[in-house]
Number of protein chains: 2
Amino acid sequence: MTGPESGADEVDLLVEAWQRERADLDLGPVEVFSRISRLARLLDRARREAFTAQAIEPWEFDVLAALRRAGKPYRLSPGQLLRETMVTSGTMTNRIDRLGERGLVERSPDPHDRRGVLVGLTAAGKRAVDGAFDSLIDKERDLLGELTTAERRELAALLKRLMEPLR
Amino acid sequence: MTGPESGADEVDLLVEAWQRERADLDLGPVEVFSRISRLARLLDRARREAFTAQAIEPWEFDVLAALRRAGKPYRLSPGQLLRETMVTSGTMTNRIDRLGERGLVERSPDPHDRRGVLVGLTAAGKRAVDGAFDSLIDKERDLLGELTTAERRELAALLKRLMEPLR
DNA sequence: CCCAGATATCTTGACGTCAAGATAGTTTCG
DNA sequence: CGAAACTATCTTGACGTCAAGATATCTGGG
């Protein structure tokens, strides 16, 4: 009935331990959310590895990728970037500074708003982000290895529904 | 065929943007992993909210919870704690110090190993973690609201399979 | 018994992030 | 037109984390 059982994982053990200690609680939610947290952590490590060839960090990729997928001319304001990447303005200032030092992006004044700035991908930045994204997709495809296409779609759909109330 | 479509979410838009820019790539994996990263982030915020009543932070909960689910006498070594919580030793020293200052845990020498220390939950620590876990379970059940029990199980099972290659 | 290597914990210094606030420029509307 | 409210970006200071290494103790082979 249960298909090819592949034994208890860390989270199963964690839930069993809680069940022993707090038999009064329904731990169903933990089986989902605990796995999501752990997966995010493991995924972050996998991304780090995928980016070693381009010598960029996940936070650098996040910014470069936002510029890259915006399309030509690969320019966005710091405000757009922080909304895309879900970080605060102080963090974004810092990131742009350091990416600028590495020659991957450059600031220019916004011609329509003198308060504003536009951040653009340099040629080196575009090369770095395209290479990094290739590596990332390869890595992620590996990680999905065991899942069939139908299962992957099912999983993506369930995750999408789970995100809805959190928006 | 597609059931009650609830429109494109952030990730759908992100994938469409990448598709425009990099039509050469198969973006299937992104639909899964990008949602996992985002969910982890949103979940972290939700946990923060759930813990406000006990005035504890997620990192504090992680340590207290490891001690709590270990069962009586609620004592573990720093080494066991760092393996449970996936942080480095320096971080764990820091966490134990601060939880000690707040009176939620206390250090005692390990009677069997003079290098060692045991970290134990105080009565106040146990009250805090039990209250926090109640709130967390409530919050998480809310977040699952839209999913049926069968869907929750399906999701947990798919996530478990996704984690396997990452261990 | 002793020493080399392993183990447990703590210390240090650098890093990336955030929250709060400062500064400069823009918009709205009386 | 001018003042008040708003917006965009940057600055500052505190925080939690990590990697690397220091210190103390334990263990097994010779």
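Biologist: What makes up the surface near DNA strand D, by nonpolar, polar and charged residues?

Modeller: That surface divides into 4 nonpolar, 8 polar and 8 charged residues. Ala, Val, Leu, Ile, Met, Phe, Trp, Tyr, Cys and Pro count as nonpolar, Asp, Glu, Lys and Arg as charged, and the others, Gly among them, as polar. This is a predicted model: local features need pLDDT of at least 70, side-chain atom pairs need 80 or more, and totals for chains, interfaces and linings use all residues. Side-chain values use heavy atoms, without hydrogens and water.

Biologist: How many residues surround DNA strand D, and what makes a residue near?

Modeller: 20 residues surround the strand, and Arg115(A) is among the closest. A residue is near if one of its heavy atoms lies within 4 Å of the strand.

Biologist: Why is the pair of Ser89(A) and DNA strand D called a polar contact?

Modeller: A base nitrogen of the strand is 2.5 Å from an N or O atom in the Ser89(A) side chain. A polar contact is a pair of N or O atoms within 3.5 Å; within protein, one must be able to donate a hydrogen and the other to accept it, and residues adjacent in sequence count only if both atoms are side-chain atoms. The Ser89(A) pair is within 3.5 Å, so it is a polar contact.

Biologist: Why is the pair of Asp12(B) and Lys160(A) called a salt bridge?

Modeller: Their side chains meet at 2.7 Å, N to O. The term requires a side-chain nitrogen of Lys or Arg within 4 Å of a carboxyl oxygen of Asp or Glu, so this pair qualifies. Chain A and chain B have 12 salt bridges between them.

Technical notes: Residues are numbered from 1 along each chain as its sequence is written. Chains are lettered from A and ligands numbered from 1 in the order in which they are written.
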